[in-house]
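Colleague: I would like a close look at one part of this model, with each technical term explained as it comes up. Where would you start, and what surrounds that place?

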Amino acid sequence: MTRPLIAVPARFSATTSALRYAAEVSARALIEAVWRAGGEPVSIHPADPADADAGERLARFDGVLLPGGGDLAPHRYGATETHPTVYDVDDLQDAFDLEVARRTLDLGIPLLAICRGLHSVNVALGGTLEQDMGGPEREHRHLVHPVTIERGTLLEQSTGTEKADASCYHHQRVDRLGEGLTITARAADGTVEGLELPGGEGWFTAVQWHPEDTAHRDEAQQGLFDALVRAAAAREGR
């Protein structure tokens with residue numbers, strides 16, 4: 001059986017251990033989770049949307065995984081000032097990820113968005129972000145905490161649970177929701193941990209945490225990748 005093709009936008013990296021120059025990378029745990037689910041993960045180059053139509057590039061794929069990464073530039077969601085903790089901003093990466101979010105949803109291609117990916121979808125649909133959650137005592141970095149998942153959502157169907165242990169690494173969170181989005185999960189402190197788009201063209205769910213961190217030993221987390229690949233296979237079958 002042919003594995004569904006899952007596009008994974010690469011992340012720019014200034015250094016890597018095995019290469020002499022700057023690189024484009026994907027987290028190994030993320031790629032392995034897609035492979036375990038039966039998908040064929042394919043890294044795609046973050047090209048300027050003005051030079052290469054993202055919709056045409058994405059149309060050949062059966063699914064898209066929009067991964068984590070650095071912060072979006074605050075001006076992308078209307079902020080006039082930048083908090084000093086904002087890091088790893090890259091204008092090309094922002095432009096590409098936002099366009100991928102828009103076009104994937106428009107085309108109805110199955111989409112799983114993770115951490116920065118969730119932020120990208122929210123901003124692409126007109127939402128905003130809280131630039132910093134309030135310092136080390138409030139941020140969700142190097143932290144595993146419980147999240148409560150709304151019943152009847154794709155997130156609940158994918159994870160098979162209403163309570164999950166989420167491995168987090170973020171200092172920002174959703175502020176104003178993008179158009180049409182609904183909240184599917186929250187942390188105990190109220191942080192939005194999941195988003196979906198009821199009535200959207202295709203399968204889509206987004207999580208604030210990093211399911212790839214624990215997917216190798218947690219069926220609920222691996223279930224997100226399994227669900228993406230199943231949706232991609234169904235699209236491929238059409």
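Modeller: D62 sits in the loop between α2 (54-58) and β5 (63-66), where helices (H or I, at least four residues) and strands (E, at least two) are DSSP runs, numbered from the N terminus. This is a predicted model, in which local features need pLDDT of at least 70 and side-chain atom pairs count only at pLDDT 80 or more, while totals for chains, interfaces and linings use all residues. Residues are numbered from 1 along each chain as its sequence is written, and side-chain values use heavy atoms, with hydrogens and water left out.

D62 is buried and yet has no salt bridge. Buried means under 20% relative accessible area, exposed means over 50%, and partly exposed lies in between, with a 1.4 Å probe and protein chains only. A salt bridge is a side-chain nitrogen of Lys or Arg within 4 Å of a carboxyl oxygen of Asp or Glu, and for charge Lys and Arg count as positive and Asp and Glu as negative, while His and the chain ends are not counted. The nearest side chain of opposite charge to D62 is that of R235, 5.5 Å away. What the side chain of D62 does reach is the backbone nitrogen of L5, at 2.8 Å.

The strand β5 that follows this loop belongs to an open sheet of 9 strands in the order β4-β1-β5-β6-β13-β12-β11-β8-β9, with mixed pairing; two strands pair if DSSP finds at least two bridges between them. The edges are formed by β4 (40-44) and β9 (163-170), each of which pairs on one side only. On average, and with direction ignored, neighbouring strands of this sheet are turned by 25° against each other; axes here are lines fitted to C-alpha atoms, for helices over the stretch in contact, and angles run from 0 to 180 degrees between N-to-C directions.

From β5, 3 bridges lead to the strand β6 (residues 111-114), and the two run parallel; one of the partners is L112 in β6, which is bridged to L65. Farther along the order, β11 (residues 182-187) and β12 (residues 192-196) are antiparallel and joined by 4 bridges, and T182 has E196 in β12 as its bridge partner. The hairpin of these two strands has 4 residues between them, and G190 takes a positive phi near 95° there. On the other side, 3 bridges connect β11 to the antiparallel strand β8 (residues 140-149), with A185 in β11 as the partner of I149.

Two helices lie across part of this sheet. Helix α1 (residues 28-36) lies across β1, β4, β5 and β6, running at about 145° to β4, and helix α3 (residues 91-107) lies across β1, β4, β5, β6 and β13 (204-207), running at about 145° to β5.

T205 is placed in strand β13, and this residue counts as buried because its relative accessibility is 0%. Its side chain makes a polar contact of 3.1 Å with the side chain of E196; a polar contact is a pair of N or O atoms within 3.5 Å, where, within protein, one must be able to donate a hydrogen and the other to accept it, and residues adjacent in sequence count only if both atoms are side-chain atoms. Apart from neighbours within four places in sequence, T205 is in contact (heavy atoms within 4.5 Å) with residues including L111, L112, A113 and L224.

Beside β1, A10 lies in the loop between β1 (5-9) and β2 (11-13), and it is buried because its relative accessibility is 0%. The C-alpha atoms of A10 and H45 are 5.9 Å apart, although the two residues are separated by 35 residues along the chain.

Some backbone angles also deserve a look. Most residues other than glycine have a negative phi. C115, however, has a positive phi of about 55° although it is not a glycine; C115 lies in the loop between β6 and α4, and it is buried because its relative accessibility is 5%. Helix α4 (residues 116-124) is mostly covered, with 9 of its 9 residues buried, and just after it G126 takes a positive phi of about 95°. H142, found in strand β8, also has a positive phi, of about 50°, without being a glycine, but H142 is exposed because its relative accessible area is 72%.
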